[in-house]
Amino acid sequence: MARVIVTTRPYRLVTSGCLAATKPSDRPMTEIVKRPFSQACENNQQPILERIAPIFANVSEVLEVGSGTGQHAVYFARRMPWLRWQTSDRIENISAIEQWLDWASLDNIAAPLELDVNQPWPRVQTEAVFSAN
């Protein structure tokens with residue numbers, strides 16, 4: 001179960017409710033297990049994409065708060081190449097995100113920012129904010 005929260009300027013809040021997996025991943029499992037892996041992320045990425053793609057159709061930059069393993073960032077950036085996807089998370093998760101970004105080698109994903117929502121936030125200019133936790 002995942003709850004997706006998306007905000008875009010002028011910061012309209014959109015929630016998708018509970019999601020379940022409907023399609024298997026398009027990546028071979030043998031490649032996935034070489035990096036930190038979240039089965040929940042694997043299960044919900046396509047249903048989430050179906051919700052956010054229309055919202056982000058006219059957006060060029062997205063800040064993902066709480067990128068976790070980095071799986072969502074790679075999946076979404078690959079399928080929405082017009083977006084610059086900015087990953088972020090607490091320091092202990094940055095390495096996992098970097099492993100996924102290095103593996104994917106996509107031009108539209110920025111290196112992760114250290115961001116702890118309980119601490120002062122780094123200065124970021126973005127058109128939309130996304131989190132799926």
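Helix H2 passes helix H3 in a right-handed crossing, and I would like to start there, keeping in mind throughout that what we are looking at is a predicted model. H2 covers residues 39–55 and H3 covers residues 71–79, and the two pack at an angle of about 40 degrees with their axes 10 Å apart. Angles under 35 degrees would count as roughly parallel, so at this angle H2 and H3 are described as oblique to each other.

If you follow the contact itself along the structure, the residues on the H2 side are Cys41, Glu42, Asn44, Gln45, Gln46, Ile48, Leu49 and Ile52, and those on the H3 side are Gln71, His72, Tyr75, Phe76 and Arg79. Sorted by class, this contact of H2 with H3 has six nonpolar, five polar and two charged residues.

Two of the H2 residues deserve a closer look, beginning with Asn44. This residue sits in helix H2, and because its relative accessible area is 9%, Asn44 counts as buried. The side chain of Asn44 is joined to the side chain of His72 by a polar contact of 2.7 Å, and both of these residues are among those that make the contact between the two helices.

The second is Gln46, which also has its place in helix H2. Is Gln46 buried or exposed? With a relative accessibility of 17%, and with the cut-off for burial set at under 20%, Gln46 counts as buried. Its side chain is joined to that of Tyr75 by a polar contact of 2.3 Å, and Gln46 and Tyr75, too, are listed in the contact of H2 with H3.

Let me move on to the other helix pair, H3 with H4. The axes of H3 and H4 come within 8 Å and cross at roughly 30 degrees, and these two helices are therefore roughly parallel to each other. Here again the crossing is right-handed, with H3 passing H4. From H3, the residues Gln71, Val74 and Arg78 meet Trp100, Leu101, Trp103 and Ala104 of H4, and by class this contact has five nonpolar residues, one polar and one charged. Gln71 of H3 therefore appears in the contact with H2 and in the contact with H4.

Finally, please look at the loop between helix H4, residues 91–104, and strand S5, residues 109–114, where you will find Ser105. Its phi is near 50 degrees, which is a positive value in a residue other than glycine, and at 58% relative accessibility Ser105 counts as exposed.

Key. Residues are numbered from 1 along each chain as its sequence is written. This is a predicted model: local features need pLDDT of at least 70, side-chain atom pairs count only at pLDDT 80 or more; totals for chains, interfaces and linings use all residues. Side-chain values use heavy atoms; hydrogens and water are left out. Axes are lines fitted to C-alpha atoms, for helices over the stretch in contact, and angles run from 0 to 180 degrees between N-to-C directions. Helices (H or I, at least four residues) and strands (E, at least two) are DSSP runs, numbered from the N terminus. Angles under 35 degrees count as roughly parallel, over 145 as roughly antiparallel, 65 to 115 as roughly perpendicular and the rest as oblique. A crossing is left-handed if the near helix is turned anticlockwise from the far one by less than a right angle, and right-handed if clockwise. Contact means heavy atoms within 4.5 Å. Ala, Val, Leu, Ile, Met, Phe, Trp, Tyr, Cys and Pro count as nonpolar, Asp, Glu, Lys and Arg as charged, and the others, Gly among them, as polar. Buried means under 20% relative accessible area, exposed over 50%, partly exposed in between (1.4 Å probe, protein chains only). A polar contact is a pair of N or O atoms within 3.5 Å; within protein, one must be able to donate a hydrogen and the other to accept it, and residues adjacent in sequence count only if both atoms are side-chain atoms.
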